[in-house]
Amino acid sequence: MTSLLGRVAAARAAYTEARARSGEALRVVRSFNLKGRAPFVIEGLAEVLAHDGQAEGAVVLAGAAHALRRGLQATPSDAERSRLQQWLARARRELGRESE
């Protein structure tokens with residue numbers, strides 16, 4: 001739930017709250033050993049970073065979440081995949097502009 005609240009806060013451009021909610025969600029995942037939720041939570045934090053103009057960190061975290069998903073043999077839902085592709089494409093474009 002806290003990871004969803006982080007995403008809602010990011011959508012409202014409340015990035016400090018979004019990072020706090022995402023951090024809380026990561027602590028819950030770790031505390032209760034919810035490995036299957038870890039990729040979703042990490043992608044949520046990555047999305048917050050992407051919205052906050054931190055494209056490089058967002059792409060790195062998205063890569064970590066992808067690696068976890070592969071290791072867990074978990075696939076995102078169609079909705080999660082679509083959302084990820086949208087913000088990740090923007091973050092990658094931003095990184096491409098920075099290298100020019």
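## Helix α3 and the residue after it

In this predicted model, helix α3 is followed by Gly53, a residue with a positive phi near 80°. The helix itself covers residues 38–51. At 1.5 Å a residue, its 14 residues should span 20 Å, and the C-alpha atoms at its ends are 20 Å apart, so expectation and model agree.

Of the 14 residues of α3, 13 are buried, which means that the helix is largely enclosed by the rest of the structure.

## Glu47 within α3

Glu47 is found in helix α3. Its relative accessibility is 3%, and Glu47 therefore counts as buried, the cut-off being under 20%.

Which residues does Glu47 contact, leaving aside its neighbours within four places in sequence? The partners are Arg7, Arg83 and Trp87. Arg7, Arg83 and Trp87 also appear, together with Glu47, in the lining of the largest cavity.

## The largest cavity

The structure holds one cavity of 30 Å³ or more. The space in the largest cavity amounts to about 40 Å³. Its lining consists of Arg7, Phe40, Glu43, Glu47, Glu80, Arg83, Leu84 and Trp87.

Two helices, α3 and α5 (78–98), each supply at least two of these lining residues. Helix α5 provides the largest share, with four residues. By class, five residues of the cavity lining are charged and three are nonpolar, while no polar residue takes part.

## The largest pocket

The largest pocket contains about 180 Å³ of space. Its lining is made up of Leu26, Arg27, Val29, Arg30, Asn33, Leu34, Lys35, Ala38, Ile42, Leu68 and Leu72.

Which helices each supply at least two residues of this lining? They are α2 (15–31), α3 and α4 (55–72). Helix α2 gives the most, with four residues. By class, the pocket lining has seven nonpolar residues, three charged residues and one polar residue.

## α3 between the two spaces

Helix α3 contributes at least two residues to the lining of the largest pocket and at least two to that of the largest cavity. Ala38 and Ile42 are among the residues that line the pocket, whereas Phe40, Glu43 and Glu47 are among those that line the cavity. An α-helix has 3.6 residues a turn, so residues three or four places apart point the same way.

The linings may also be set side by side by class: seven nonpolar and three charged residues for the pocket, against three nonpolar and five charged residues for the cavity.

Methods: Residues numbered from 1 in each chain as written. Predicted model: local features only at pLDDT ≥ 70, side-chain atom pairs only at ≥ 80, totals over all residues. Heavy atoms only, no water. Expected span 1.5 Å × (residues − 1). Buried < 20%, exposed > 50% of the residue type's maximum accessible area, 1.4 Å probe, protein only. Contact = heavy atoms within 4.5 Å. 1 Å grid on protein atoms, 1.4 Å probe; cavity = no way out; pocket = protein on both sides within 12 Å on 5 of 7 lines; lining within 4 Å. Points joined across faces, edges and corners; volume = space filled by probe spheres on them. Nonpolar A, V, L, I, M, F, W, Y, C, P; charged D, E, K, R; others polar.
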